Amino acid sequence: MTETALTDRWVALTRACAQINQAAERVLAESHGLCASAFEIMDVMVRADGWIRAGELSSRASRSQPQVSRLLAQMVNAGYVERRPCSNDRRGFDVRLTPAGRTLFSQSVTTMETVLRDVAENSAEVREVMGLSATRQ
């Protein structure tokens, strides 16, 4: 590897992620009223398949604890997430998606698949970073 190969790969990854995130933010907001951060948090909750400690969300998602707390409050108010006091630590709370939240997430996954295919189709850099060939789109 050359001296700059890792840096070159990191820059390509950063640019590809920016392209994907810009498209995701726009389409998720227009189609579902979600931001990419909320989508990611919902993804963590779906994979947890039940109650999860709210504090654990920030360690599993690429979001800070204050950002997770803010988004959870919004999602609780919207009826997509329910919360209860943590059984072993009354300072914390557990969360899970409501049926409405699961439905919204399921719909938004379909949207994200479309966004990812569209971005990859239009960007060789994204295809390369995602490990897709031009014919496998």
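What follows is a conversation between a visitor and a guide about a predicted model.

Visitor: How do you know that the span of helix H1 agrees with its number of residues?

Guide: Helix H1 covers residues 5-32, which is 28 residues. The expected span is 1.5 Å times one less than the number of residues, so H1 should span 40 Å. Its end C-alpha atoms are 39 Å apart, and that agrees.

Visitor: Which residues of H1 are buried, and what covers them?

Guide: Ala5, Ala12, Ala16, Ile20, Ala23, Ala24, Val27, Leu28 and His32 are the buried ones. Their cover includes helix H2 (36-48), helix H5 (99-122) and helix H6 (124-129). If you follow the chain just past H1, you come to Gly33, with a positive phi of about 70 degrees.

Visitor: Let's go to the loop between H5 and H6, where Ser123 is found. Why is Ser123 called buried?

Guide: Buried means under 20% relative accessible area. Ser123 has 7%, so it counts as buried.

Visitor: What does the side chain of Ser123 make a polar contact with?

Guide: The partner is the side chain of Gln19, at 2.9 Å. The limit for such a pair of N or O atoms is 3.5 Å, so 2.9 Å qualifies.

Visitor: Why is Val129 called partly exposed?

Guide: The class runs between the 20% and 50% cut-offs. Val129, which lies in helix H6, has a relative accessible area of 34%, so it is partly exposed. Together with Leu13 and Met130, Val129 forms a nonpolar surface patch of about 220 Å² of accessible area.

Visitor: How many salt bridges are there, and what makes Glu40 and Arg63 one of them?

Guide: The count comes to seven. A salt bridge needs a side-chain nitrogen of Lys or Arg within 4 Å of a carboxyl oxygen of Asp or Glu. For Glu40 and Arg63 the closest N and O atoms are 3.0 Å apart, so the pair qualifies. Glu40 lies in helix H2 and Arg63 in the loop between helix H3 (54-60) and helix H4 (65-78), so the pair ties together parts that are 23 residues apart in sequence. Arg63 has 22% relative accessibility, and therefore counts as partly exposed.

Visitor: Where do Arg47 and Asp43 lie, and are they exposed or partly exposed?

Guide: Both lie in helix H2, four residues apart, about one turn of the helix. Their salt bridge has its closest N and O atoms 2.9 Å apart. Exposed means over 50%, so Arg47, at 66%, is exposed. Asp43, at 21%, counts as partly exposed because buried would need a value under 20%.

Visitor: What makes Arg102 and Asp49 a salt bridge?

Guide: Their side chains meet at 3.9 Å, N to O, which is within 4 Å, so the rule is satisfied. This pair links distant parts of the chain, with Arg102 in helix H5 and Asp49 in the loop between H2 and E1, 53 residues apart. Arg102 has a relative accessible area of 35% and so is partly exposed.

Visitor: And why is Asp49 called exposed?

Guide: The class begins over 50%, and Asp49 has 62%, so it is exposed. Asp49 also has a phi near 55 degrees, a positive value in a residue other than glycine.

Note on methods. Residues are numbered from 1 along each chain as its sequence is written. This is a predicted model: local features need pLDDT of at least 70, side-chain atom pairs count only at pLDDT 80 or more; totals for chains, interfaces and linings use all residues. Side-chain values use heavy atoms; hydrogens and water are left out. Helices (H or I, at least four residues) and strands (E, at least two) are DSSP runs, numbered from the N terminus. Buried means under 20% relative accessible area, exposed over 50%, partly exposed in between (1.4 Å probe, protein chains only). Contact means heavy atoms within 4.5 Å. A polar contact is a pair of N or O atoms within 3.5 Å; within protein, one must be able to donate a hydrogen and the other to accept it, and residues adjacent in sequence count only if both atoms are side-chain atoms. Patches are made of residues with over 30% relative accessible area and no salt bridge: like charges are joined within 9 Å, nonpolar side chains (Val, Leu, Ile, Met, Phe, Trp, Tyr) within 5 Å. Accessible areas come from the Shrake-Rupley method with a 1.4 Å probe; for residues, only the protein chains shown count as cover.
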